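Let's take a walk through this protein, one piece at a time. Have a look at the picture before reading on.

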Amino acid sequence: MSTSEPRLRIAMQKSGRLSEDTQKLLKRCGLKLNLSDRRLLAHVSNMPIDVMRVRSSDIPGLVMDGVCDLGIVGDNTLEEAALERELMEQKFAYIKTTALNFGGCRLSLAMPEEFDYQGIKSLDGLRFATTYPQLLNRFARNNGINVDFCLLKGSVEVAPRVGLSDGICDLVSTGATLEANGLKEVAVIFKSTASLIQNPAVLAPAKQKILDTLLPRIQGVMKAKE
Ligand code: PRT
(Lines give C-alpha, C1' and ligand atoms only; values in the text may rest on other atoms or scores of the structure.)
Protein backbone atom coordinates (compact mmCIF):
# COMPACT_ATOMS: atom_id res chain seq x y z
CA MET A 1 0.00 0.00 0.00
CA SER A 2 1.61 3.33 -1.02
CA THR A 3 2.05 5.93 1.74
CA SER A 4 0.65 8.72 -0.48
CA GLU A 5 -2.73 7.00 -0.65
CA PRO A 6 -5.29 9.07 1.31
CA ARG A 7 -6.10 7.65 4.72
CA LEU A 8 -9.27 8.26 6.69
CA ARG A 9 -8.42 9.60 10.15
CA ILE A 10 -10.59 8.62 13.10
CA ALA A 11 -10.24 10.16 16.59
CA MET A 12 -11.02 7.97 19.59
CA GLN A 13 -10.56 8.24 23.36
CA LYS A 14 -7.10 7.05 24.36
CA SER A 15 -8.08 5.71 27.75
CA GLY A 16 -11.27 5.91 29.73
CA ARG A 17 -14.86 4.75 29.67
CA LEU A 18 -15.29 4.84 25.90
CA SER A 19 -11.93 3.50 24.78
CA GLU A 20 -12.58 -0.23 25.27
CA ASP A 21 -15.98 -0.22 23.53
CA THR A 22 -14.56 1.90 20.70
CA GLN A 23 -11.66 -0.52 20.21
CA LYS A 24 -14.05 -3.47 20.21
CA LEU A 25 -16.27 -1.76 17.65
CA LEU A 26 -13.37 -1.07 15.30
CA LYS A 27 -12.12 -4.65 15.69
CA ARG A 28 -15.57 -6.07 14.96
CA CYS A 29 -15.63 -3.93 11.82
CA GLY A 30 -12.59 -5.92 10.71
CA LEU A 31 -9.99 -3.20 11.28
CA LYS A 32 -6.60 -4.61 12.18
CA LEU A 33 -4.85 -2.16 14.44
CA ASN A 34 -2.23 -2.49 17.11
CA LEU A 35 -3.10 -0.21 19.99
CA SER A 36 -0.76 -1.84 22.45
CA ASP A 37 2.20 0.39 21.65
CA ARG A 38 2.70 4.03 22.63
CA ARG A 39 2.00 5.43 19.17
CA LEU A 40 -0.86 7.92 19.36
CA LEU A 41 -1.52 7.69 15.63
CA ALA A 42 -2.10 3.98 14.95
CA HIS A 43 -2.15 2.64 11.41
CA VAL A 44 -4.82 0.14 10.45
CA SER A 45 -2.87 -2.49 8.55
CA ASN A 46 -5.64 -3.82 6.30
CA MET A 47 -7.48 -0.57 5.42
CA PRO A 48 -6.34 3.00 4.61
CA ILE A 49 -7.37 4.27 8.04
CA ASP A 50 -5.39 5.89 10.88
CA VAL A 51 -6.71 6.01 14.43
CA MET A 52 -5.69 9.01 16.55
CA ARG A 53 -5.91 8.38 20.30
CA VAL A 54 -6.60 11.51 22.36
CA ARG A 55 -8.54 12.89 25.34
CA SER A 56 -12.29 12.64 24.82
CA SER A 57 -12.64 16.38 25.28
CA ASP A 58 -10.28 17.02 22.33
CA ILE A 59 -12.29 14.91 19.87
CA PRO A 60 -15.09 17.39 18.95
CA GLY A 61 -12.57 20.14 18.10
CA LEU A 62 -10.35 17.80 16.09
CA VAL A 63 -13.35 16.79 13.95
CA MET A 64 -14.90 20.28 13.71
CA ASP A 65 -11.52 21.75 12.63
CA GLY A 66 -11.03 18.97 10.07
CA VAL A 67 -7.88 17.51 11.66
CA CYS A 68 -9.75 14.19 11.85
CA ASP A 69 -12.44 13.08 9.40
CA LEU A 70 -14.38 11.11 12.01
CA GLY A 71 -14.55 10.83 15.78
CA ILE A 72 -16.17 8.62 18.38
CA VAL A 73 -17.25 10.65 21.41
CA GLY A 74 -20.02 11.03 23.98
CA ASP A 75 -22.91 13.32 23.00
CA ASN A 76 -22.38 15.16 26.30
CA THR A 77 -18.80 16.12 25.37
CA LEU A 78 -19.85 16.92 21.82
CA GLU A 79 -22.78 19.18 22.72
CA GLU A 80 -20.79 21.02 25.39
CA ALA A 81 -17.94 21.64 22.93
CA ALA A 82 -20.31 22.77 20.16
CA LEU A 83 -22.01 25.31 22.47
CA GLU A 84 -18.67 26.59 23.73
CA ARG A 85 -17.16 26.89 20.25
CA GLU A 86 -20.26 28.69 18.96
CA LEU A 87 -19.89 31.19 21.80
CA MET A 88 -16.20 31.65 20.98
CA GLU A 89 -17.02 32.06 17.27
CA GLN A 90 -14.99 28.96 16.37
CA LYS A 91 -16.07 26.25 13.92
CA PHE A 92 -18.73 24.12 15.60
CA ALA A 93 -20.41 22.22 12.75
CA TYR A 94 -20.39 18.42 12.54
CA ILE A 95 -22.54 15.60 11.22
CA LYS A 96 -23.76 12.92 13.62
CA THR A 97 -23.30 9.92 11.36
CA THR A 98 -24.40 7.12 13.71
CA ALA A 99 -25.58 6.90 17.30
CA LEU A 100 -23.65 4.07 18.99
CA ASN A 101 -25.08 1.74 21.61
CA PHE A 102 -22.47 2.22 24.32
CA GLY A 103 -21.42 4.99 26.72
CA GLY A 104 -25.01 5.57 27.82
CA CYS A 105 -25.43 8.09 30.65
CA ARG A 106 -27.36 11.22 31.60
CA LEU A 107 -26.30 14.67 32.69
CA SER A 108 -28.26 15.47 35.81
CA LEU A 109 -28.64 18.06 38.53
CA ALA A 110 -28.18 16.61 42.00
CA MET A 111 -28.63 18.17 45.41
CA PRO A 112 -27.73 17.11 48.96
CA GLU A 113 -30.25 14.56 50.32
CA GLU A 114 -31.62 17.09 52.82
CA PHE A 115 -32.38 19.74 50.17
CA ASP A 116 -36.10 20.54 49.94
CA TYR A 117 -36.64 20.14 46.18
CA GLN A 118 -39.95 21.64 45.01
CA GLY A 119 -39.35 21.64 41.25
CA ILE A 120 -36.90 23.43 38.96
CA LYS A 121 -37.73 26.90 40.36
CA SER A 122 -36.35 25.88 43.75
CA LEU A 123 -32.90 25.77 42.08
CA ASP A 124 -33.05 29.47 41.14
CA GLY A 125 -29.99 31.42 42.30
CA LEU A 126 -28.01 28.33 43.35
CA ARG A 127 -24.44 27.42 42.48
CA PHE A 128 -23.51 24.13 40.76
CA ALA A 129 -20.17 22.41 40.36
CA THR A 130 -19.85 21.04 36.83
CA THR A 131 -17.68 20.10 33.88
CA TYR A 132 -20.56 21.14 31.60
CA PRO A 133 -21.26 24.88 32.14
CA GLN A 134 -22.74 25.40 28.65
CA LEU A 135 -25.28 22.59 28.99
CA LEU A 136 -26.12 23.80 32.51
CA ASN A 137 -26.61 27.40 31.29
CA ARG A 138 -28.80 26.30 28.39
CA PHE A 139 -30.99 24.27 30.72
CA ALA A 140 -31.28 27.22 33.16
CA ARG A 141 -32.15 29.64 30.32
CA ASN A 142 -34.78 27.27 28.89
CA ASN A 143 -36.34 26.89 32.33
CA GLY A 144 -36.32 30.57 33.32
CA ILE A 145 -33.92 30.26 36.25
CA ASN A 146 -30.53 31.80 37.00
CA VAL A 147 -27.72 29.58 38.21
CA ASP A 148 -24.08 30.11 38.98
CA PHE A 149 -21.41 27.50 38.34
CA CYS A 150 -17.89 26.53 39.35
CA LEU A 151 -15.87 24.50 36.91
CA LEU A 152 -14.49 21.15 38.10
CA LYS A 153 -13.00 18.55 35.74
CA GLY A 154 -13.35 15.66 38.18
CA SER A 155 -14.57 14.64 41.65
CA VAL A 156 -17.55 16.92 41.08
CA GLU A 157 -19.67 15.02 43.62
CA VAL A 158 -17.57 16.26 46.55
CA ALA A 159 -18.25 19.98 45.88
CA PRO A 160 -21.42 20.51 47.98
CA ARG A 161 -19.96 18.75 51.01
CA VAL A 162 -16.90 21.02 51.07
CA GLY A 163 -18.95 24.19 50.58
CA LEU A 164 -17.89 24.84 46.98
CA SER A 165 -21.41 24.68 45.59
CA ASP A 166 -25.06 24.08 46.49
CA GLY A 167 -25.45 21.19 44.05
CA ILE A 168 -23.80 19.50 41.10
CA CYS A 169 -24.46 19.02 37.41
CA ASP A 170 -22.69 15.80 36.42
CA LEU A 171 -22.96 12.53 34.52
CA VAL A 172 -24.85 9.69 36.12
CA SER A 173 -25.14 6.09 35.01
CA THR A 174 -26.01 3.79 37.94
CA GLY A 175 -26.49 6.58 40.51
CA ALA A 176 -24.13 4.82 42.96
CA THR A 177 -21.65 7.72 43.09
CA LEU A 178 -24.41 10.21 43.93
CA GLU A 179 -25.68 7.95 46.68
CA ALA A 180 -22.20 7.39 48.12
CA ASN A 181 -21.79 11.16 48.36
CA GLY A 182 -25.14 11.93 49.98
CA LEU A 183 -26.67 13.44 46.84
CA LYS A 184 -30.03 12.92 45.14
CA GLU A 185 -30.77 13.36 41.44
CA VAL A 186 -33.43 16.06 40.94
CA ALA A 187 -33.48 16.70 37.16
CA VAL A 188 -32.09 15.06 34.03
CA ILE A 189 -30.90 17.79 31.68
CA PHE A 190 -29.31 15.78 28.84
CA LYS A 191 -29.30 12.14 27.75
CA SER A 192 -26.19 10.80 26.06
CA THR A 193 -24.63 7.86 24.27
CA ALA A 194 -21.44 7.67 22.24
CA SER A 195 -21.76 8.78 18.62
CA LEU A 196 -19.76 8.55 15.44
CA ILE A 197 -19.35 12.10 14.16
CA GLN A 198 -18.00 13.44 10.92
CA ASN A 199 -16.56 16.73 9.69
CA PRO A 200 -19.26 18.44 7.59
CA ALA A 201 -17.01 19.11 4.57
CA VAL A 202 -17.43 16.88 1.52
CA LEU A 203 -14.79 14.15 1.68
CA ALA A 204 -12.34 13.62 -1.16
CA PRO A 205 -13.70 10.74 -3.31
CA ALA A 206 -10.99 8.31 -2.18
CA LYS A 207 -11.78 8.97 1.50
CA GLN A 208 -15.53 8.80 0.86
CA LYS A 209 -14.95 5.35 -0.64
CA ILE A 210 -13.25 4.19 2.57
CA LEU A 211 -16.14 5.60 4.63
CA ASP A 212 -18.66 3.87 2.35
CA THR A 213 -16.96 0.57 3.21
CA LEU A 214 -16.69 1.31 6.93
CA LEU A 215 -20.15 2.72 7.68
CA PRO A 216 -22.25 -0.34 6.77
CA ARG A 217 -19.88 -2.44 8.92
CA ILE A 218 -20.39 -0.12 11.91
CA GLN A 219 -24.14 -0.20 11.40
CA GLY A 220 -24.01 -4.01 11.08
CA VAL A 221 -22.11 -4.34 14.37
CA MET A 222 -24.62 -2.04 16.09
CA LYS A 223 -27.56 -4.08 14.77
CA ALA A 224 -25.95 -7.36 15.84
CA LYS A 225 -25.60 -5.99 19.41
CA GLU A 226 -29.26 -4.91 19.70
O1 PRT B 1 -10.84 11.45 27.84
P2 PRT B 1 -11.21 12.54 28.81
O3 PRT B 1 -10.51 12.37 30.12
O4 PRT B 1 -11.11 13.91 28.19
O5 PRT B 1 -12.81 12.40 29.04
P6 PRT B 1 -13.66 12.12 30.30
O7 PRT B 1 -13.10 12.76 31.51
O8 PRT B 1 -15.09 12.49 29.94
O9 PRT B 1 -13.49 10.56 30.37
P10 PRT B 1 -14.33 9.37 30.99
O11 PRT B 1 -13.60 8.16 30.55
O12 PRT B 1 -14.59 9.58 32.44
O13 PRT B 1 -15.77 9.46 30.27
C14 PRT B 1 -15.87 9.34 28.88
C15 PRT B 1 -17.32 9.37 28.50
O16 PRT B 1 -17.99 8.20 29.01
C17 PRT B 1 -18.15 10.51 29.05
O18 PRT B 1 -17.93 11.74 28.35
C19 PRT B 1 -19.57 9.98 28.85
O20 PRT B 1 -19.98 10.18 27.52
C21 PRT B 1 -19.39 8.47 29.08
N22 PRT B 1 -19.91 8.02 30.39
C23 PRT B 1 -20.87 7.07 30.55
C24 PRT B 1 -19.55 8.45 31.62
C25 PRT B 1 -20.32 7.73 32.55
N26 PRT B 1 -21.12 6.88 31.85
C27 PRT B 1 -20.14 7.98 33.96
N28 PRT B 1 -20.84 7.36 34.77
N29 PRT B 1 -18.62 9.34 32.04
C30 PRT B 1 -18.45 9.55 33.37
N31 PRT B 1 -19.17 8.90 34.33
C32 PRT B 1 -18.82 9.22 35.75
C33 PRT B 1 -19.56 10.44 36.30
O34 PRT B 1 -18.87 11.63 35.96
C35 PRT B 1 -19.58 10.16 37.79
O36 PRT B 1 -18.38 10.57 38.40
O37 PRT B 1 -19.15 8.14 36.61
C38 PRT B 1 -19.64 8.65 37.85
C39 PRT B 1 -21.09 8.26 38.02
O40 PRT B 1 -21.30 6.90 37.73
P41 PRT B 1 -22.42 6.08 38.50
O42 PRT B 1 -22.48 4.76 37.81
O43 PRT B 1 -22.00 5.98 39.92
O44 PRT B 1 -23.72 6.85 38.36
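## Two domains

The domain assignment, which is automatic or from a database, splits the protein into domain 1 (8-103 + 193-225) and domain 2 (105-192). Their C-alpha centres sit 29 Å apart. Where they touch, domain 1 supplies 9 residues and domain 2 supplies 9 residues; contact here means C-beta atoms, placed from the backbone, within 7 Å.

On the domain 1 side, helix α3 (residues 75-87) gives the most, with 6 residues. That side is made of 1 nonpolar, 4 polar and 4 charged residues. Nonpolar covers Ala, Val, Leu, Ile, Met, Phe, Trp, Tyr, Cys and Pro, charged covers Asp, Glu, Lys and Arg, and the others, Gly among them, are polar.

## About the model

Keep in mind that this is a predicted model: local features need pLDDT of at least 70 and side-chain atom pairs need pLDDT 80 or more, while totals for chains, interfaces and linings use all residues. Residues are numbered from 1 along each chain as its sequence is written.

## Helix α1

Helices are DSSP runs of H or I with at least four residues, strands are runs of E with at least two, and both are numbered from the N terminus. In helix α1 (residues 19-28), T22, L25 and L26 are buried, meaning 20 or more other C-beta atoms lie within 10 Å of their own (12 or fewer is exposed, in between is partly exposed). They share one side of α1 because they cover an arc of only 95° around the axis, taken from the directions from the helix axis to the C-beta atoms.

These buried residues pack against β1 (8-13), β3 (49-54), β4 (70-74) and α6 (205-225). After α1 comes G30, with a positive phi near 90°.

## K225

K225 belongs to helix α6. Is K225 buried or exposed? K225 is exposed, because it has 12 other C-beta atoms within 10 Å.

Key: Contact = placed C-beta atoms within 7 Å.
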